[in-house]
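Thanks for making time for this. I have one structure to show today, and I will talk through it piece by piece.

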Amino acid sequence: MASWGEARDSRLIGQRIPRLSGADKVTGKAKYTFDVNQPGMLYGRILGSPVTHAEITAINLSEAEALPGVKAAIPLIEPGKRVRYQGQEIAAVAAETDDIAKDAIRLIRFDYEELPYVVDVEEAMTEDAPQLHEDRPGNQSKPGIDERGDIEAGFAEAAKVVEATYHAPVQTHVSLETHGHVAAWDGDNLTVWASTQAVFGTRRDLAQHFNLPEDKVRVITEHMGGGFGSKFGPGVEGRAAAELARKAEAPVKLMVTRKDEHLVSGNRPSMTQHVRAGATKDGRLIAYDLRGYGTGGISGGAGFTGPYVYHVPNVRTEKFAVSINAGNARAMRAPGHPQGAFGMDSLMDELAEQLGMDALEFRRINSDSQPRRNEIRQTEYTLGAREIGWHRRNKVPGAGRGVKKRGIGMGCGQWGGGGGKGTQARVTIHADGTVEAVTGTQDLGTGIRTVIAIIVAEELGLRPQDITVKIGDSAPGLASGGSGGSQTIGSVTPVIKTAAIAAKQKLFEHIAPQWGVEPEALRAASGKLYLASDRTKTISWKEATGHLGMETISEGGYWDEELRIGDVAGVQFAEVEVDTETGVVKPIKIVAVQDCGMVVNRLTTESQINGGVIMGLSYALLEDRVMDAQTGKMINPNMSDYKVAGTMEIPEIKAIALDTGRKVTGIGEPPTIPTAGAIANAVYNAIGVRIRELPITPDKVLSALAEKGKA
Amino acid sequence: MIPGSFEYFAPTSLNEALDLLKTHGDDAKVLAGGHSLIPTMKLRLAEPAVIIDITRIGDLRGVSEPDGKLVIGALTTHYELESSALVQQKVPILSQTAAAIGDVQVRNKGTIGGSLVHADPAADWPATILALDADLKVAGPDGERVIKATDFFQELYTTALEPEEILTEIHVSIPAANTKGVYLKQYQAASGFALTGVAVLLTRSGDTCQKVAVGVNGVADVAYRATGVESELAGKTLSAENIAAAAEKAADGVDAMEDIHASPAYRANLAKVYAQRAIAQLAS
Ligand SMILES: Cc1cc2nc3c(=O)[nH]c(=O)nc-3n(C[C@H](O)[C@H](O)[C@H](O)COP(=O)(O)OP(=O)(O)OC[C@H]3O[C@@H](n4cnc5c(N)ncnc54)[C@H](O)[C@@H]3O)c2cc1C
């Protein structure tokens, strides 16, 4: 059984190490799929449906095909089938230039019979709404019901009960690099550069689609510009790129437009939850009753969490998904959690206030039922409260003086992220001293490439930049799973670590006999091998590997589950300032205390936390997919009406990456969970009026203040 | 997104440009910085058959100061107005307004003339130009004429400019020493345009408001002068109460717009809040 060793013995693990691809990225040298060009490459474009709900009766591509420069056109839907949301793919073209492709899209003719549509969740549940699925009466999925304890007995015991409805909007992923591929055929070998979170998953999908053996398909993802759960396969657009390339007999680049990215590439579903919850006089949560639903569009929406984090003995929940005519949900950074956490943490504050308890104290009492998480969470409460200055919050919400009022709030989250089996990796040591670490995972920008280098370098006594990390390519045949669920580090690094141990052992076995010692007597550090019992007896790394002669050491690893852990806890605190005349909420500071297991690279870990917080505050204050009930279309499928937090909206973020043991864990998702709840509670603490609907826009803040003024 | 095809002309004199406009009539569009026109063409909201690029007409660019006023060529970019020492010194509210527009790239290309003629209700210039009582000089087939700023903005994206006319200059009187101005804006979070922008020029004698001019954009479908505020405050002491009472009238008689970014009530409220803040800032 392998181990990471003690923290005090680590030279690299836990340090702040700049990502290996950083310089390439900031200088533009790094090639994303968008940047990949092939000789003779064509440009692909997809025609998305301009109508919201219709049966397609005919598609005519001949005018598009006749446009000079157009090399291929394919339908993406069969006549007789329905498009069920704006943007759904109808046909695609490939042309010599992107401009010609865009013009060609306009020449695609199709006939359709328009059908009634519904894009509003509440309206979709009414009796006379158009029915979108045969097996979903009332456009609702069968509710998932969960019961434990005795809910009525619980409420009987409650001293205080709060009943409230919380709502969160649909949020789209807005990956900076849109979905896209470059596809090139060589005979029946297909190479695809893909902006994907799953190199091997994409390979399998394409192999099946084209009925090819998997080894005839190669997928490459050197760098990619974000996926957040929306990029686990080639999708319609990736298959279309490969089909166009085959038909045109030329490579095709097909990147989805920003508009279509909003419309068809997935989203975090909306959430509406009616909750009734009670607590005992001494502040114990005792009963929780929830009825809730959500929509991502044509599918998805039921999967939010509740009750969340805190321990409640008597629970009844009922959740269902509602279908509307809009692009469907996909996994999005901690699916179900931010919306669940926002509802739950708002409710926690409302209950605490009823009980006359401090909101932090109330959380301490009801913290996690899982012992490890609970212990960590209690520490996080202390650290976070100190960092934000919890004692400064308004004892009476809204009590601050002046036009601009400050408030402080908090929220919690939990996540799995322990990784799993299924990664193949090799660590190779060449006679010239170079070291390669190869595996089929992909770096979504999280920093796994650098983490792999750190782990191998630590084991071999080298520097991270001495390790050539080869990932994001299926060609070596070393499979790894998709990067989702914050599983990458927990899945990949145990295999890398054990492979590095094995490779080092092989090198020791070469050198030990020359020194007349056992391999176990050797150590590697600072670019040298040395004798544990006599540190003056050394040989440089290069000299040692030189002894390999014509040999190469290349070792695989195995997934040692003792090297990773899941089930992490996180706590965040937010301070905001609310302009009570304009309603503008300005985050002042956000403190994110995150259980990180064993931090491998502190710099990229903090970067992940910062990114999660930014996405969370964007969700809390800005983002909203707005659908127009009249036309059935999205009103803001762009970046000038759909606002994503940018530099100007980002406050001071204090990321506290908490080392909680010597096991790695994934934290891509957890830091985005608690932010919205913390901000909503801070807004309440500032102005004394609760906004139960995200995003907390200036308009809503002022309306709520006006309501309060009337009362 | 690419625009439809069009014929392109790049005249080097105003007369040439006016001739082209006359020849092509409604089919033609004048192109200045292109930062409003080209986006609308890409969306194919506009599909002009002819583009008359006026940016090579040198005379239309730059700022000068003949007899107590600033003369601003229509092709002067936002950045030039933001950074001109002359403007900063003589009419600083112009530099301030320019600085509130978009980002550096936009300010480097976009022109004051283009912005005024485009008459986007959320554009920044109109409030300030209204508050300054600027004169807009235009040239057409029948010669030149001057349109007062208060007569210029007529409806959503519609001005008093005739289709065959070109805006050539903006004339701004240099305010007296006891007149100060400020432009305050609430940015629409995503686009950076004005959700509401208020420009105020306050002329005071001691603690008394001698005259105040208030221009407002972003609230209604066309920028306007908040005359209610102006008449309420004129001749009064610049006390917090008087300023607040006057600012209350900032959206009087105005049909506020509704879109996904704000309700009419919210926009009307912003007009009042920013009028109050702007006047209070100048009064303090
Ligand atoms: C990303 C982005 C952000 C922006 N943000 C802001 C913002 O925050 N605030 C803001 O106010 N604006 C903003 N703008 C708009 C910008 O200020 C434009 O530059 C301006 O509105 C138009 O000026 P232009 O020179 O680009 O005109 P053009 O786009 O070339 O022309 C606009 C219209 O005016 C006509 N026209 C132009 N010049 C003349 C003339 N001299 N005589 C007659 N007709 C003429 C054209 O025919 C056209 O109809 C933004 C634009 C972009 C692209």
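I will start with the ligand, then go through chain B, the contact between the chains, and chain A.

One thing before the details: this is a predicted model.

So, the ligand. There are 30 residues around the ligand, and the ones that come nearest are B:Gly33, B:His35, B:Gly102, B:Gly110 and B:Gly114. If you sort the shell by class, you get 15 nonpolar, 12 polar and three charged residues.

Which elements supply the shell? In chain B, β2 (28–31), α2 (37–42), α7 (112–118) and β10 (166–173) each supply at least two residues. The element that gives the most is α7(B), with five residues.

Now, why does the ligand lie between domain 1 and domain 2 of chain B? Domain 1 (7–53) and domain 2 (64–173) both give residues to the shell, and therefore the ligand is placed between them.

That brings me to the domains of chain B in full. The assignment has domain 1 (7–53), domain 2 (64–173) and domain 3 (179–283). Between domain 2 of chain B and domain 3 of chain B, the C-alpha centres are 20 Å apart. The contact there involves 22 residues of domain 2 of chain B and 25 residues of domain 3 of chain B. On the domain 2 side, the elements of chain B that give two or more residues are α5 (92–99), α8 (125–131) and β8 (153–155). Of these, α8(B) gives the most, with five residues. By class, that side of domain 2 of chain B has 13 nonpolar, six polar and three charged residues.

Next, the sheet in chain B. Five strands make an open sheet with antiparallel pairing, in the order β4-β5-β10-β6-β7. Which strands are at the edges? They are β4 (63–64) and β7 (143–148) of chain B, and each pairs on one side only. Further in, β6 (residues 135–140) of chain B is paired with β10(B) in the antiparallel sense, over five bridges. Within that pair, B:Leu136 is opposite B:Ile170 of β10(B). A helix also packs on this sheet: α1 (residues 14–24) of chain B touches β6 and β10 of chain B, and the direction of α1 makes about 125 degrees with that of β10(B). You will recall β10(B) from earlier, as one of the elements that supply at least two residues to the ligand shell.

On to the contact between the two chains. How many residues does each chain put in? Chain A puts in 16 residues and chain B puts in 12 residues. On the chain A side, α3 (98–106) and α17 (698–710) each supply at least two residues. Here α17(A) gives the most, with three residues. The chain A side divides by class into seven nonpolar, three polar and six charged residues.

Now chain A itself. The domains are domain 1 (7–30 + 419–563), domain 2 (33–115 + 179–255) and domain 3 (267–417 + 565–710). The C-alpha centres of domain 1 of chain A and domain 2 of chain A are separated by 38 Å. In contact between these two are 15 residues of domain 1 of chain A and 18 residues of domain 2 of chain A. The domain 1 side has four nonpolar, 10 polar and one charged residue.

Chain A also has an open sheet of four strands, with mixed pairing, in the order β18-β26-β27-β30. At the edges are β18 (404–415) and β30 (652–658) of chain A, each with a single partner strand, so each has one side without a neighbour in the sheet. From one strand to the next, the twist averages 10 degrees. The pairing of β18(A) with β26 (residues 568–579) of chain A is antiparallel and runs over 12 bridges. One bridge there joins A:Gly407 to A:Val576 in β26(A).

Last, a helix pair in chain A. Helix α9 (residues 337–355) and helix α16 (residues 675–687) of chain A pack at about 35 degrees, with axes 7 Å apart. The crossing of α9(A) and α16(A) is right-handed. From α9(A), the contact residues include A:Phe342 and A:Asp345, and from α16(A) they include A:Asn681 and A:Tyr684. By class, the contact has six nonpolar, three polar and two charged residues.

Methods
Residues numbered from 1 in each chain as written. Chains lettered and ligands numbered in written order. Predicted model: local features only at pLDDT ≥ 70, side-chain atom pairs only at ≥ 80, totals over all residues. Near = placed C-beta within 6 Å. Nonpolar A, V, L, I, M, F, W, Y, C, P; charged D, E, K, R; others polar. Domains from an automatic or database assignment. Contact = placed C-beta atoms within 7 Å. Pairing = 2+ DSSP bridges. Axes fitted to C-alpha atoms, helices over the stretch in contact; angles between N-to-C directions. Left-handed = near helix turned anticlockwise from the far one by under 90°.
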